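Grab a pencil and keep the 3D view open while you work. Try each exercise on your own, then check the worked steps.

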Amino acid sequence: MTTLSAQHQTEHQSSGRLHTVLTTPIGPVAVAVADGAVTHVRMTRSDDASPDPFGDAPGTRVLPDDDPVLAEAARQPTAYFAGTLRAFDLPLRPSGSAFQLLVWAGLRRIPYGTTTTYGALAADLGLDPRTSSRAVGAANGANRIAIVVPCHRVIGADGTLTGFAAGVDRKRSLLDLEQGDSTRTGRLF
């Protein structure tokens, strides 16, 4: 295992957060951990052309092997993109309101290879979809642990791909990945 330099150890102790950037088929994905749990999995917008799109990523950038939770948090998305992992098993530490946490827990129950709508997710959470679909959509959009908390599996009521911070093209790629590996017949959307 690679050891952190004294400077990185000091930064790690002061920030409590480490991150790494993975190379994936949909572009770079930053994964961050703090205090033994995943706090962020994020992508840049697909149209982001900045030279360091993760310059503002949380914590100190390290190699995945510098932290055992980070190593596993890097291994599982890699396996997901390789088509060998359908369910993530990582300690998560999402940060949000009670309502956001409720929605994110609902997202984690959407099975691999399927989609749902904002209204159906609201109903599954015991909410009135007529009055809460937009709030569910806003909470979905505030998810900081993308892919692992599968916000990409929520689509518009008319079947369109809407509302994905990293770009609809990446949402389509994630759904296509799951559909291609799914034993179900038919399209997801």
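**Exercise 1. Find the bridge partner of Leu 18 in β2, then work out how β1 and β2 are connected.**

Step 1. This is a predicted model, so treat what you see as a prediction. In β2, look across from Leu 18 and you land on Val 33, its bridge partner.

Step 2. Now widen the view to both strands. β1 covers residues 17-24, and β2 covers residues 27-34. They pair in the antiparallel sense, over eight bridges.

Step 3. Check the link. Two residues sit between β1 and β2, and the two strands form a hairpin.

**Exercise 2. Leu 18 also has a residue opposite it in β4: which one, and in what sense do β1 and β4 pair?**

Step 1. Go to β4, which is residues 60-61. The residue opposite Leu 18 there is Thr 60.

Step 2. Count the bridges between β1 and β4: there are two, and the pairing is parallel.

Step 3. Keep the general picture in mind: strands of a sheet pair through backbone hydrogen bonds, either parallel or antiparallel.

**Exercise 3. Put the four strands of the open sheet in order and say what packs on the sheet.**

Step 1. Reading across, the order is β3-β2-β1-β4, with mixed pairing.

Step 2. Look at the ends. β3 (37-43) and β4 are the edge strands, since each one pairs on one side only.

Step 3. Add the helix. α2 (residues 68-81) packs on the sheet and touches β1, β2 and β3. Its direction makes about 20° with that of β1.

Step 4. Ask how covered β1 is. Six of its eight residues are buried, so β1 is mostly covered.

**Exercise 4. Describe how α3 and α5 pack, and sort the residues in their contact by class.**

Step 1. Start with the geometry. α3 (residues 98-108) and α5 (residues 129-141) pack at about 80°, and their axes are 9 Å apart.

Step 2. Turn the angle into a word. Angles of 65 to 115 degrees count as roughly perpendicular, so α3 and α5 are roughly perpendicular to each other.

Step 3. List who takes part. From α3 you have Phe 99, Gln 100, Val 103, Trp 104 and Leu 107; from α5 come Ala 135, Val 136, Ala 139 and Asn 140.

Step 4. Sort them. You should get seven nonpolar residues, two polar ones and no charged ones.

**Exercise 5. Track down the three salt bridges and decide whether each partner is buried, partly exposed or exposed.**

Step 1. Recall the idea: side chains of opposite charge can pair when their charged atoms come close. You'll also need the cut-offs: buried is under 20% relative accessible area, and exposed is over 50%.

Step 2. Take Glu 72 and Arg 75, whose closest N and O atoms are 2.6 Å apart. Both lie in α2, three residues apart, which is about one turn of the helix. Glu 72 has 28% relative accessibility, so it is partly exposed. Arg 75 is at 43%, so Arg 75 is partly exposed too.

Step 3. Next come Asp 128 and Arg 130, at 2.8 Å from N to O. Asp 128 is at 28%, so it counts as partly exposed, while Arg 130 is at 73% and therefore exposed.

Step 4. Finish with Glu 178 and Arg 153, at 2.9 Å from N to O. This pair links distant parts of the chain: Glu 178 is in α6 (residues 168-181), and Arg 153 is in the loop between α5 and β6, 25 residues apart. With 0% for Glu 178 and 5% for Arg 153, both count as buried.

Terms used
Residues are numbered from 1 along each chain as its sequence is written. This is a predicted model: local features need pLDDT of at least 70, side-chain atom pairs count only at pLDDT 80 or more; totals for chains, interfaces and linings use all residues. Side-chain values use heavy atoms; hydrogens and water are left out. Buried means under 20% relative accessible area, exposed over 50%, partly exposed in between (1.4 Å probe, protein chains only). Two strands pair if DSSP finds at least two bridges between them. Contact means heavy atoms within 4.5 Å. Axes are lines fitted to C-alpha atoms, for helices over the stretch in contact, and angles run from 0 to 180 degrees between N-to-C directions. Angles under 35 degrees count as roughly parallel, over 145 as roughly antiparallel, 65 to 115 as roughly perpendicular and the rest as oblique. Ala, Val, Leu, Ile, Met, Phe, Trp, Tyr, Cys and Pro count as nonpolar, Asp, Glu, Lys and Arg as charged, and the others, Gly among them, as polar. A salt bridge is a side-chain nitrogen of Lys or Arg within 4 Å of a carboxyl oxygen of Asp or Glu.
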